[in-house]
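Please read this short report with the structure open beside you. Follow each part as it is named.

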There are 2 protein chains.
Amino acid sequence: MLDGRSLAARMREKIAPQAMEFARQHGRPPGLAIVLVGQNPASEIYVRLKVQAGSEAGFRADLERLPETASLADVLALVERLNRTAAYDGILVQAPLPAAVGAGAMSRVFDTIAPEKDVDGVTPSSVGRLVQGRPLMVPCTPLGIIELLEHEGIVIAGRRACVIGRSEIVGKPMALLLLQRDATVTVCHSKTADLAAITGEADILVAAIGRAGLVTKEFVKPGAVVIDVGMNTLADASLVSQWYPEGHPRLATFQKNGTLLVGDVHPNVAEVAGALTPVPGGVGPLTIAMLMANTLRAAQLGAGSALADSW
Amino acid sequence: MLDGRSLAARMREKIAPQAMEFARQHGRPPGLAIVLVGQNPASEIYVRLKVQAGSEAGFRADLERLPETASLADVLALVERLNRTAAYDGILVQAPLPAAVGAGAMSRVFDTIAPEKDVDGVTPSSVGRLVQGRPLMVPCTPLGIIELLEHEGIVIAGRRACVIGRSEIVGKPMALLLLQRDATVTVCHSKTADLAAITGEADILVAAIGRAGLVTKEFVKPGAVVIDVGMNTLADASLVSQWYPEGHPRLATFQKNGTLLVGDVHPNVAEVAGALTPVPGGVGPLTIAMLMANTLRAAQLGAGSALADSW
């Protein structure tokens, strides 16, 4: 099991004194604004964890809420105000937006965030620079995964990597980061024929689909490194009892809560994988740690360019 | 054999009357500025073909030359002047720049071209919009290849595609365009282990490496569609005589010119491929046709937004 939680904790321990040093030099801490529109229960949890991690690291971390009924114009106006607010070095708009905001709303948000505050690497120019091998801000989840692989001494160059899922926030940037580190990269998705045969060729397999337990041991090459980006809520007691043997601690968690947070990777993958990230405690904490790292970096870059401008 | 030349000719026949209509409406033809720095012989040929195609389509197509000794500042100053010149709707800086311009020069050029004149899709925001599935300007070569596949009725969705090469101008955007059309895409490169085994899985194989004849029939799944992006000059008589049987017309071309333009795909691939683009006469003419299409589009978009601004 690859322990994302303890690596994330160590990263955050390194970030905190740097945040303090930034505050000493600039008279204010690094600032992160998180935008939450509506009341998605999963988003509420993620956003709370992010605000808490920011506060613990000595950042100013503020949650900016808009109601479920907010229009696209409301969202864009808020982002523009945050762009202009010097106290914020980073802006994160929590996905997904409520459907009522309209189709293509997320793209309009991506276009509106000031690139220098784009701590989740979603603006077109951030994405373009990543493709061109000169990243400025890299999306937090794939960046955290690369940090984990490198920390664990897992060789990427020359290996076959497979990413299941092609989202803007995980799948595509993950594939690009692996490609830049000289992996031979395949991207699979819902239209892929014979998925298990293709994923079974990978030395490094990243599952970012959003389907509980879709990746079973039949999908995995023996000894492969498996990274589980999924965050799914299981509420089906019979499924949970099929997944875990009697007496397994996760069964007790399910009985206590009535639901269970699980990834895209089935527990039986542990029988064949060489290494595996758990859910929870794998990729999730790393994503939050990288959000802190990106915000600190944006603060430092912003301060640097302000200095340069005043010369 | 997939006939890129005749498809390109048909595209250009469609573009010419639209260019004339644009000129009638706006009092000037669509304008394309091509920047050539130094005296690379291959670049001289490409640039001449592009200027000629522009003129034939009724565009204003101007070559802007800088000497081999030009500095990065000279190149950027020229691009900035072209950005400000209303007669130009599109700007193309021919790669490669002379080594003396400095490392990273091409990236600085990409950052300087005005996105609305970026007819080869190289600015970070063009690249980011392509990744995000809402392209504004797409690099000409991969766009031409997609046009060819679609024109020939070749199914992309659900098929396995493999791109050999990961350049900014061909490999990466090609992979993204195939992924957007629901192919399962693998990107291979110089660090790929067991290249032939991986390319041999592909239903659609795109070779964009720049190595004469690297892709032999052992690399190709029987019946696969093979797209050859390579443009290499062979000068080795013994190699040429190995490649082509006695009496083959290409041997006569070699004897006449002393060199032969060949792709990355070996002639013996024709024995196994289901379809294959020739070199010359395959991807090259399509690239030029798409440069015309992108320039016309930039002109139309520019005129449209000028109208919108004046309302």
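## A proline in a loop

This model is predicted. Start with chain A. Pro96(A) sits in the loop that runs between β3 (90-93) and α4 of chain A. The peptide bond between Ala95(A) and Pro96(A) is cis. Its omega is about -5°.

Chain B offers another cis bond to look at. This one leads from Val279(B) to Pro280(B), with omega near 0°. Pro280(B) belongs to the loop between β10 and α11 (283-310) of chain B.

## Two residues with positive phi

Now look on either side of β5 in chain A. Asp182(A) is in the loop between α7 and β5 of chain A. Its phi is positive, about 70°, although Asp182(A) is not a glycine. Is Asp182(A) buried, exposed or partly exposed? It has 17 C-beta neighbours inside 10 Å, so it counts as partly exposed.

Asp194(A) lies in the loop between β5 and α8 (195-199) of chain A. Phi of Asp194(A) is also positive, near 55°, and this residue is not a glycine either. Asp194(A) has 12 other C-beta atoms within 10 Å. That makes Asp194(A) exposed, because a residue with 12 or fewer such neighbours falls in that class.

## Where the chains meet

How many residues of chain A are in contact with chain B? The number is 28, and they touch 28 residues of chain B. Four elements of chain A each give at least two residues to this side: α4 (105-112), α5 (124-131), α7 (171-180) and β5 (184-188). The largest share comes from α5(A), with 7 residues. By class, the side of chain A that touches chain B holds 11 nonpolar, 10 polar and 7 charged residues.

How are the two copies related? A turn of 180° and a shift of 0.0 Å along the axis lay chain A on chain B, with an RMSD of 0.0 Å. This is the relation of a two-fold axis. Both copies use the same surface, and 100% of the contact residues of chain A recur in chain B.

## One sheet across both chains

Strands also cross the meeting point. β5(A) and strand β5 (residues 184-188) of chain B run antiparallel and are joined by 3 bridges. Here Thr186(A) stands opposite Thr186(B).

Which order do the strands of the sheet follow? The order is β10(A)-β7(A)-β6(A)-β4(A)-β5(A)-β5(B)-β4(B)-β6(B)-β7(B)-β10(B). These 10 strands form an open sheet with mixed pairing. At the edges stand β10 (275-276) of chain A and β10 (275-276) of chain B. Each has a single partner strand, so one side of each is left without a neighbour in the sheet.

## A closer look at β6(B)

Take strand β6 (residues 204-207) of chain B. Both of its faces are covered. Ile204(B) and Val206(B) are buried on one side, and Leu205(B) and Ala207(B) are buried on the other.

β6(B) pairs with strands on two sides of the order above. It runs parallel to strand β4 (residues 160-164) of chain B, and 4 bridges join the two. Ala161(B) stands opposite Ile204(B), and Cys162(B) has Leu205(B) as its bridge partner. β6(B) also pairs in the parallel sense with strand β7 (residues 225-228) of chain B, again over 4 bridges. In β7(B), Val226(B) stands opposite Leu205(B).

Notes: Residues are numbered from 1 along each chain as its sequence is written. Chains are lettered from A and ligands numbered from 1 in the order in which they are written. This is a predicted model: local features need pLDDT of at least 70, side-chain atom pairs count only at pLDDT 80 or more; totals for chains, interfaces and linings use all residues. A residue is buried if 20 or more other C-beta atoms lie within 10 Å of its own, exposed if 12 or fewer, and partly exposed in between; C-beta atoms are placed from the backbone. Two strands pair if DSSP finds at least two bridges between them. Two residues are in contact if their C-beta atoms, placed from the backbone, lie within 7 Å. Ala, Val, Leu, Ile, Met, Phe, Trp, Tyr, Cys and Pro count as nonpolar, Asp, Glu, Lys and Arg as charged, and the others, Gly among them, as polar. Copies are superposed by least squares on the C-alpha atoms of residues with pLDDT of at least 70 in both.
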